[in-house]
Amino acid sequence: MMRRMVLGYATGKGLDQMTREDALRLTHVNVAFGVIENGLLSMRCVPKLKEQLSRVRGLNPNLKIVLSIGGWTAGGFSIMSRTQEGRAAFGESVRQVLDDYGLDGVDIDWEYPCSGQAGIDFDPSDRENFTYLMQEMRKAAGNERIVSIAAGGGDYFVRDTEMDKVAAICNYVQIMTYDLNCFTHTTRHHTSLYALAGSYPQGNADYCTRIFHQAGVPLEKIVLGAAFYSRKWTGVKNEKNGLLQDAESIGGYGPGYGELLEQYIGKNGFVRYWDDVAKAPYLFDGNTFITFDDAQSIAEKCAYIKEKGLLGLMYWEHSCDPSGELLKAIAEGLE
């Protein structure tokens, strides 16, 4: 039986907070983020990475540590990838960093091809150029290192990429099954396993799994996402415990799980509710609605991963849960 992946995204803060217990529960860490500057890879956002890598590798020598490039609002992909020369120059800069830092691979987090919603450069040719870029990443990394992507959790990402070709290049495909359903004035789950009746039917991990598989991604290469942070709505209509209600705000970035434990879950007027259809928890205090993952929803995702034969579970971001409760739930759920 294959060992399922337990993958954590970690910023510099997350790497600093990683304990030996954390490192032994993880199989992979994705360092966030390298960025593109003048068409080449820049490491300016992770200035202490070499010393951090030395410490973390000491905690678990078997840990695979991968550099993730991109992130929300991180541009440069589209312009760089439009020419073979641009892709080759970028690929060489990636190869040099992988060698210099002793990294185990590269993860491309382009949010998103053919889309300017994050305020980045884009072009209709991104669809094909994304494939060419991933071919270049495989050339840069070689066959012994990991090549992966973080994919947006929705039809748009499948439409605007050639996922069958990309999946053939990658060791695995991580689907960002979080930040779903949040850019609306109706309260919804942002990282649920299934859809709730009356809610947006596409915005859940099960739907994302099915559309990516239909687009040519093998089930055994799919890594689902969990959120170690919340989304929240304010000015919520005080009916039906706040779920699927009109709100004055859209679902903005909310507290990390550590802060939820300290100040929100069962505290300061917030009541935790469980949606047994969506397999997701939420909090409501009569005005503010908060959607998040906890140990119960993560256990449901882990059971789903086992049932469907998926590769594993990843999360954003490590420093959001200093208690280690959620990582423990993932590791135990995927045993």
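Leu327 sits in helix α12, which runs over residues 325-333, and the model in which it is seen here is a predicted one. Because its relative accessible area is 2%, below the 20% under which a residue counts as buried, Leu327 is a buried residue. Leaving aside neighbours within four places in sequence, Leu327 is in contact with Val6, Asp22, Arg25, Leu26, Phe228, Tyr315, His318 and Asp321. For a sense of distance, Leu327 and Gln174 are separated by 153 residues in sequence, and their C-alpha atoms are 17 Å apart in space.

The helix around Leu327 can be described in the same way. The buried residues of α12 are Leu326, Leu327, Ala329, Ile330, Ala331 and Gly333, and what covers them includes the strands β1 (5-10), β8 and β14 together with the helices α2 (20-25), α10 (257-263) and α11.

**The chain as a whole**

The chain holds 12 helices and 14 strands. Its radius of gyration is 19 Å, which agrees with the value near 20 Å that a compact globule of 335 residues would have. Taken along the principal axes, the C-alpha atoms fill a box of roughly 55 × 45 × 40 Å. Of the 335 residues, 61% count as buried, and the chain exposes about 13300 Å², of which carbon and sulfur atoms supply 48%. Among contacts between residues at least 6 apart in sequence, 71% join residues that are at least 24 apart. As for charge, there are 34 positive and 43 negative side chains, and the centres of these two sets lie 3 Å apart.

**Helix α9**

Helix α9, made of residues 205-214, is mostly covered, since seven of its 10 residues are buried by the criterion of under 20% relative accessible area. These buried residues are Ala205, Asp206, Tyr207, Cys208, Thr209, Ile211 and Phe212, and they pack against the strands β6 (146-152), β7 (172-176) and β8 (222-227) as well as the helices α7 (155-159), α8 (163-169) and α11 (295-308). The N-terminal end of α9 is capped by Asn204, a side-chain oxygen of which lies 3.3 Å from the backbone nitrogen of Asp206. Just after the helix, Gly216 takes a positive phi of about 110°.

Strand β8 and helix α11 appear among the elements against which the buried residues of α9 pack, and both are also included in what covers the buried residues of α12.

**Asp293 and its surroundings**

The loop between β13 (289-291) and α11 contains Asp293. With a relative accessible area of 1%, Asp293 is buried, because that value falls under 20%. The side chain of Asp293 makes a polar contact of 3.3 Å with the side chain of Thr191, and a polar atom of the Asp293 side chain also lies 3.0 Å from the backbone nitrogen of Ala227. Not counting residues up to four places away in sequence, Asp293 touches Thr191, Ala226, Ala227, Tyr257, Pro281, Ile298, Lys301 and Leu326. Leu326, in this list of contacts, is also one of the buried residues of α12.

**Backbone features**

Most residues other than glycine have a negative phi, and most peptide bonds are trans. The table sets out four places in this chain where the backbone is described by a cis bond or a positive phi.

| Place | Backbone value | Location |
|---|---|---|
| Glu111 to Tyr112 | cis, omega near 5° | Tyr112: loop between β5 (105-109) and α6 (126-141) |
| Trp316 to Glu317 | cis, omega near -5° | Glu317: loop between β14 (312-316) and α12 |
| Asn241 | positive phi of about 60° | loop between β9 (229-233) and β10 (252-256) |
| Leu244 | positive phi of about 60° | loop between β9 and β10 |

Neither Asn241 nor Leu244 is a glycine. Asn241 is partly exposed, with a relative accessible area of 35%, and Leu244 likewise counts as partly exposed, at 26% relative accessibility. The cis bond from Trp316 to Glu317 leads back towards the starting point of this report, for Glu317 is found in the loop between β14 and α12, the helix in which Leu327 has its place.

Conventions. Residues numbered from 1 in each chain as written. Predicted model: local features only at pLDDT ≥ 70, side-chain atom pairs only at ≥ 80, totals over all residues. Heavy atoms only, no water. Helix = DSSP H or I, 4+ residues; strand = E, 2+ residues; numbered from the N terminus. Rg over C-alpha atoms; globule rule 2.2 N^0.38 Å. Buried < 20%, exposed > 50% of the residue type's maximum accessible area, 1.4 Å probe, protein only. Contact = heavy atoms within 4.5 Å. Areas by Shrake-Rupley, 256 points an atom, 1.4 Å probe, with all protein chains shown as cover. Lys, Arg positive; Asp, Glu negative; His and termini not counted. Charge placed at Lys NZ, Arg CZ, Asp CG, Glu CD. Polar contact = N/O pair within 3.5 Å; in protein donor to acceptor, adjacent residues only side chain to side chain.
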